[in-house]
Amino acid sequence: QVQLVESGGGLVQAGGSLLLSCADSARTLRNYNVGWFRQPPGKDREFVAAINWNARSTFSADSVKGRFTASRDNDKNTVYLQMNNRKSEDTAIYYCAADRTGWGDRETNFGSWGQGTQVTVSS
């Protein structure tokens with residue numbers, strides 16, 4: 001299993017950009033599929049984007065399509081979520097999740113989870 005840590009959260013102005021990172025303390029994340037999820041205040045956790053272990057396959061939720069992009073640098077064992085054109089509804093705790101074989105847009109597709117990082121969008 002992997003131990004994941006998200007970083008890069010904070011306060012960003014509406015319309016601005018922010019880059020989130022997901023790192024693995026064991027430095028084996030290059031072998032894992034990764035999904036990004038978020039939980040807005042008072043709402044259930046929802047899917048954001050996912051990227052395959054070798055970046056051959058990526059997909060995003062309709063709510064962020066064209067604005068958010070998942071990428072990775074396997075030499076650094078790090079997965080990224082680039083967030084552009086931020087909107088107020090993007091305010092949430094963002095999580096990365098990983099699984100060696102799991103794949104999809106559900107929480108149950110990924111077995112290992114980070115603790116999350118708070119992202120707040122101001123107007």
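Is Cys-96 buried or exposed in this structure? Its relative accessibility is 0%, so Cys-96 counts as buried. The exercises below build on this residue and others in the chain, and the structure used throughout is a predicted model.

**Exercise 1. Describe the disulfide that involves Cys-96 and the places it connects.**

Solution. Begin with the partner: a disulfide joins Cys-96 to Cys-22, with an S to S distance of 2.0 Å, and this lies inside the cut-off, since a pair of cysteine sulfur atoms must be within 2.5 Å. The count for the structure comes to 1 disulfide. Next, place the two residues: Cys-22 belongs to strand β3 and Cys-96 to strand β9, so that the pair links distant parts of the chain, 74 residues apart. Then look at the geometry, where the torsion about the S-S bond of Cys-22 and Cys-96 is about 65 degrees, and therefore the disulfide is right-handed. Finally, check the surroundings of the partner: Cys-22 has 0% relative accessibility and so counts as buried.

**Exercise 2. Work out how strand β1 is placed against β3, and which residues of β1 lie on its covered face.**

Solution. Strand β1 covers residues 4-7, and its covered face holds Leu-4 and Glu-6, whereas Val-5 and Ser-7 form the uncovered one. The pairing of β1 with β3 is antiparallel and runs over 4 bridges. Within this pairing, Glu-6 stands opposite Cys-22 in β3, and Cys-22 is the residue that the disulfide joins to Cys-96. Another residue of strand β3 is Ser-21, which at 17% relative accessibility counts as buried, because the limit for buried is under 20%. Leaving aside residues up to four places away in sequence, Ser-21 touches several residues, including Val-5, Glu-6 and Ser-7, and also Trp-36, Thr-78, Val-79 and Tyr-80.

**Exercise 3. Classify two aromatic pairs and state where their residues lie.**

Solution. A search of the whole structure finds 6 aromatic pairs. For Phe-37 and Phe-47, the ring centres are 5.6 Å apart and the planes stand at 75 degrees, so this pair is edge-to-face. This pair links distant parts of the chain, with Phe-37 in strand β4 and Phe-47 in strand β5, 10 residues apart. Both Phe-37 and Phe-47 are buried.

For Phe-59 and Trp-103, the ring centres are 5.2 Å apart and the planes stand at 85 degrees, so this pair is edge-to-face as well. Phe-59 lies in strand β6 and Trp-103 in the loop between β9 and β10, so the pair ties together parts that are 44 residues apart in sequence. As for accessibility, Phe-59 is partly exposed with a relative accessible area of 26%, and Trp-103 is partly exposed with 31%.

**Exercise 4. Find the aromatic cluster and the charged residue placed over two of its rings.**

Solution. One aromatic cluster is formed by Phe-37, Phe-47, Phe-59, Tyr-95, Trp-103, Phe-110 and Trp-113. Arg-45 lies over the face of Tyr-95, at 4.6 Å from the ring centre. Arg-45 also lies over the face of Trp-113, where the distance from the ring centre is 4.3 Å.

**Exercise 5. Examine two residues that have a positive phi although they are not glycine.**

Solution. Take Arg-27, whose phi is near 60 degrees. Arg-27 is located in the loop between β3 and β4, and it is exposed, with a relative accessible area of 64%. Now take Asn-85, whose phi is near 50 degrees. Asn-85 is located in the loop between β8 and β9, and at 45% relative accessibility Asn-85 counts as partly exposed, because exposed requires over 50%.

**Exercise 6. Describe the chain as a whole.**

Solution. The secondary structure comes to 0 helices and 11 strands. The radius of gyration of the chain is 13 Å, close to the 14 Å that the globule rule gives for 123 residues, so the chain is as compact as a globular protein of that length. Along its principal axes, the C-alpha trace spans about 40 × 25 × 25 Å. Buried residues make up 44% of the 123 residues. To finish, consider the contacts with a separation of 6 or more, of which 58% are accounted for by residues 24 or more positions apart.

Definitions and conventions: Residues numbered from 1 in each chain as written. Predicted model: local features only at pLDDT ≥ 70, side-chain atom pairs only at ≥ 80, totals over all residues. Heavy atoms only, no water. Buried < 20%, exposed > 50% of the residue type's maximum accessible area, 1.4 Å probe, protein only. Contact = heavy atoms within 4.5 Å. Phe/Tyr/Trp six-rings, centres within 6.5 Å; stacked < 30°, edge-to-face > 60°. Lys NZ or Arg CZ within 6 Å of the ring centre and 35° of its normal. Pairing = 2+ DSSP bridges. Rg over C-alpha atoms; globule rule 2.2 N^0.38 Å.
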